[in-house]
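Let's take a walk through this structure together, beginning in its interior and moving on to its pockets and its overall layout. Keep the viewer open as you read.

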Amino acid sequence: AYEKGRLELGSSIAQSCLPAAPPVAAAPSPAAEPVMAMADLERTLVQVAQNAKTPLEVFEKTTVMKVTAKCDRLMMTAHVDQKGAKITDAGRSMMTREICNSAGALLKAGATVEVKFFEAAAPQNAPFDTLITTRRNCAI
């Protein structure tokens, strides 16, 4: 009887932890996928931007100078210490992988990470390249 009581208690606890069944009339919406509400995502991105310790060297000759957030975007300004610098396909792939690994949860929640690259010697000029990463780039 003691063992049976423990089993029933365990089953009762397990049942109470199961999510409630959705109402029969409500069909799940494919758009209901985001893990985080947009307002929560925006707040989280603002916190990430405010807590970013810049300048931060992320790759050889590449330093993130500024991090900001707006809506669902985390935007970074990076200075590259090389005249005539270009982002190669291999470099773009490597940076995308790094962003996917370090910001995967934010990307999964619907964030976009945008990195604008400027020559360190002429940061007032237009960016020479921009890398935009979304969950699609990370297959999440």
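## From the core to the pockets

In this predicted model, the largest nonpolar core has 24 residues, and those that touch the most other members are L74, M76, I99, V113, V115 and F117. At least two residues of this core come from each of α2 (38-51), β2, β3, α3 and β4. The biggest contribution is that of α3, which gives six residues.

V115 is a good place to pause. Leaving aside residues up to four places away in sequence, V115 touches M76, A78, I99, D129, T130 and L131. Two of these partners, M76 and I99, are also among the core residues that touch the most other members.

Now for the empty space. A probe the size of a water molecule, rolled over the atoms, shows where such space is left. The largest pocket holds about 450 Å³. Its lining is made of 22 residues, and the closest to its centre are V58, V64, M76, I99 and S102. So M76 and I99 turn up once more, this time beside a pocket, with "lining" meaning that a residue has an atom within 4 Å of a pocket point.

Which elements build that lining? At least two residues each are supplied by β1 (56-59), β2 (62-70), β3 (73-80), α3 (89-108) and β4 (112-119). The largest share, six residues, belongs to α3. In chemical terms, the lining of the largest pocket has 18 nonpolar residues, along with two polar and two charged ones.

The second largest pocket offers about 260 Å³ of space. It is lined by 14 residues, of which F59, E60, T62, V80 and I87 are the closest to its centre. Here too α3 provides the largest share of the lining, with three residues. By class, this lining divides into seven nonpolar, four polar and three charged residues.

Finally, step back to the whole chain. There are four helices and five strands, and from the N terminus on they run α-α-β-β-β-α-β-β-α. Of the 140 residues, 25% are buried. The accessible surface of the chain is about 9900 Å², and carbon and sulfur atoms account for 57% of it. How do the contacts spread along the sequence? Among those between residues at least 6 apart, 52% join residues at least 24 apart.

Definitions and conventions: Residues are numbered from 1 along each chain as its sequence is written. This is a predicted model: local features need pLDDT of at least 70, side-chain atom pairs count only at pLDDT 80 or more; totals for chains, interfaces and linings use all residues. Side-chain values use heavy atoms; hydrogens and water are left out. On a 1 Å grid over the protein atoms alone, a cavity is a set of points where a 1.4 Å probe fits but cannot get out, and a pocket is an open set with protein on both sides within 12 Å along at least five of seven lines; lining residues have an atom within 4 Å of a point. Grid points are joined across faces, edges and corners, and a volume is the space filled by probe spheres set on the points. Ala, Val, Leu, Ile, Met, Phe, Trp, Tyr, Cys and Pro count as nonpolar, Asp, Glu, Lys and Arg as charged, and the others, Gly among them, as polar. Buried means under 20% relative accessible area, exposed over 50%, partly exposed in between (1.4 Å probe, protein chains only). Contact means heavy atoms within 4.5 Å. Accessible areas come from the Shrake-Rupley method with a 1.4 Å probe; for residues, only the protein chains shown count as cover. A nonpolar core is a set of buried Ala, Val, Leu, Ile, Met, Phe, Trp, Tyr and Cys residues joined through side-chain atoms within 4.5 Å.
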